[in-house]
Amino acid sequence: MASAAAKTETKQSQASIPPYMKAISGSLGGVVEACCLQPIDVIKTRLQLDRSGAYKGIAHCGSTVVRTEGVRALWKGLTPFATHLTLKYTLRMGSNAMFQTVFKDKETGKVSNHGRLLSGFGAGVLEALAIVTPFEVVKIRLQQQKGLSPELFKYKGPIHCARTIVREESILGLWSGAAPTVMRNGTNQAVMFTAKNSFDVLLWNKHEGDGKALHPWQSMISGFLAGTAGPFCTGPFDVVKTRLMAQTKDGEGGLKYKGMVHAIRTIYAEEGLVALWRGLLPRLMRIPPGQAIMWAVADQVTGLYEKRYLLNAPL
């Protein structure tokens, strides 16, 4: 009996959710997050691009956009943003699960915090290069357009924007700001996945494969807490990423920022150290709640899978 119990316990400790289920859970969470939090992302982008002090803060920026451009302007770039989030979370969750299989202990099936950090960083780098950078270039170009007359806009929509960038700047234009995006996303995901697992264990005694499904509010708390560290660590990378993605060639065919390091130095010299953390508050208003929403959805999907297929428990 004891031997059978030990085997069952070992089997459960080795049980894991397959990467494709993690990918599906992430994609569903991304759709919900995008629809809820797009206005905050628009405000963050406008604040980061504001060099003249036109916006006095988050509330003033939001009210100015609504007053001068209409309420719908707060959802500018939603199509590429929602598509980008869905694909990003699909790749992030799936690739992170695949990377974790490499670092799993063959005896216990557990992943160390070191392995979680490396898996998260790898997933962040992959998503940054494959999905995040080109989608964010298009999103930011659309979001920076101001006014009430769409016919006067340079970019008429996501597809037109992408085509224009490729025509005027070559295909590499869609990967403007790739270096800071890689650093931002790699660091963010390394911290986020490790923190989310730690909070699940510390707060709710939840271990992957144990068949215990968290309540949505529990997932939201863990996700919210896990999402708070990244913005502080990666603020300069995010500001530089936005500046590099938004810039276009001037009349002489040149660019203000020559790359990530040059952009950091230029912003610091011209605007001061604090400018490298511009948009931090709206990032904190968007990322932790976004992670809370995404994990609330994703954990429900994976929780149902654990009960049904890992432990054969009734739903």
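These legends accompany close-up views of a predicted model.

**View 1. Helix α9 and its kink.**
Let's begin with helix α9, which covers residues 229-246 and has 18 residues. From its first C-alpha to its last it reaches 26 Å, close to the 26 Å expected at 1.5 Å a residue. Look for G235, where a kink of about 65 degrees lies in α9, shortly before the proline P236. Of the 18 residues of α9, 15 are buried, so this helix is largely enclosed by the rest of the structure.

**View 2. The largest nonpolar core.**
Here we turn to the largest nonpolar core, a set of 13 residues. Good places to start are M93, M294 and W295, the members that touch the most others. Two or more residues of this core come from each of α4 (78-103), α7 (178-204) and α11 (280-310). The biggest contribution is from α4, which gives five residues. In soluble globular proteins, nonpolar side chains tend to be buried together.

**View 3. The surroundings of M294.**
Which residues are in contact with M294, leaving aside its neighbours within four places in sequence? They are G26, G29, G30, E33, Y89 and M93. The last of these, M93, is listed with M294 and W295 among the core residues that touch the most other members.

**View 4. The largest cavity and its lining.**
A search of the whole structure finds two cavities of 30 Å³ or more, and this view shows the largest, with a volume of about 360 Å³. The lining has 24 residues, and K22, D200, E208, W295 and D299 are the closest to the cavity's centre. You may recognise W295 from View 2, where this tryptophan is one of the core residues that touch the most other members. Helices α2 (19-49), α4, α7 and α11 each supply at least two residues of the lining. The largest share comes from α11, with six residues.

**View 5. R116 in helix α5.**
Our final stop is R116, whose place is in helix α5 (residues 113-143). Is this arginine, R116, buried or exposed? Its relative accessible area is 11%, which is under the 20% cut-off, so R116 counts as buried. Leaving aside neighbours within four places in sequence, the contacts of R116 are Q100, V111, A190, T194 and N197.

Note on methods. Residues numbered from 1 in each chain as written. Predicted model: local features only at pLDDT ≥ 70, side-chain atom pairs only at ≥ 80, totals over all residues. Heavy atoms only, no water. Helix = DSSP H or I, 4+ residues; strand = E, 2+ residues; numbered from the N terminus. Expected span 1.5 Å × (residues − 1). Bend = angle between axes of the 7 residues up to and from the residue. Buried < 20%, exposed > 50% of the residue type's maximum accessible area, 1.4 Å probe, protein only. Core = buried A, V, L, I, M, F, W, Y, C linked by side-chain atoms within 4.5 Å. Contact = heavy atoms within 4.5 Å. 1 Å grid on protein atoms, 1.4 Å probe; cavity = no way out; pocket = protein on both sides within 12 Å on 5 of 7 lines; lining within 4 Å. Points joined across faces, edges and corners; volume = space filled by probe spheres on them.
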